[in-house]
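Me: I've got a chain to look over with you, cysteines and pockets included. Shall we go through it in short questions and answers?

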Amino acid sequence: NKVFLMAFSEMPIMCAVAFVLEFLVVGRVVKHLTFKTIDPAKTQPIFITLMISALTVCFMCPVMSFVASVLFNYSGAENIVSTWLQITVMNFPMAMFWQVFFFGQLCYAGPIVRKIFRTIFKKQLAEDK
């Protein structure tokens, strides 16, 4: 239980860092790579969503693991790389499975988040159509 309480206490900091990094840096890089690699006119939307989701995990997991290493597990400059790699290796499979392949459900976390935002911003979405 202590581990979960510690994780929840770190959550506000990590959420803020993740939002800023994804919004300002990673999201742009991921969209650029996705649409440089695949043609949206010839590709089904599910494959575009899958590529964006997978690439987001591939970039965000190492970056956020590094942030966590520095903020919460820093035990000296000589250990930072090994600590970062260890955290990344432990987090990456869970992040990928949660985002893309969670228990046989395709894109478990992504659709839930999109559903929440579609519900919240229903009026704005209707105006855009």
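Me: Why is there no bond between the sulfur of C58 and the closest cysteine sulfur?
Reply: First, the ground rules: this is a predicted model, where local features need pLDDT of at least 70, side-chain atom pairs count only at pLDDT 80 or more, and totals for chains, interfaces and linings use all residues. Residues are numbered from 1 along each chain as its sequence is written, and side-chain values use heavy atoms, with hydrogens and water left out. A disulfide is a pair of cysteine sulfur atoms within 2.5 Å. The closest cysteine sulfur to that of C58 sits in C61, and the two don't bond because they are too far apart, at 8.8 Å.

Me: How many disulfides does a search of the whole structure find?
Reply: Start from C61: its closest cysteine sulfur is the one in C58, too far for a bond. Searching the whole structure gives a count of zero.

Me: Is C61 buried or exposed?
Reply: The cut-offs, with a 1.4 Å probe and protein chains only, are under 20% relative accessible area for buried, over 50% for exposed, and partly exposed in between. C58 comes out at 36%, so that one is partly exposed. C61 has a relative accessible area of 8%, so C61 is buried.

Me: Which helix gives the most to the lining of the largest pocket?
Reply: Helices here are DSSP runs (H or I, at least four residues), numbered from the N terminus. The chain has five of them and zero strands. At least two lining residues come from each of α1 (2-37), α2 (45-72), α3 (80-101) and α4 (109-120). With 16 residues, the top contributor is α1.

Me: How many residues of that lining are nonpolar?
Reply: Nonpolar takes in Ala, Val, Leu, Ile, Met, Phe, Trp, Tyr, Cys and Pro; Asp, Glu, Lys and Arg are charged, and the others, Gly among them, are polar. The lining has five charged residues and nine polar ones, and the nonpolar count is 26.

Me: What share of the chain's contacts between residues at least 6 apart in sequence join residues at least 24 apart?
Reply: A contact means heavy atoms within 4.5 Å. The chain those contacts belong to runs α-α-α-α-α along the sequence. Its C-alpha trace spans about 50 × 30 × 30 Å along the principal axes. The share joining residues at least 24 apart is 53%.

Me: And what percentage of the chain's residues count as buried?
Reply: The chain has 129 residues. By the burial cut-off already given, the buried share is 25%.
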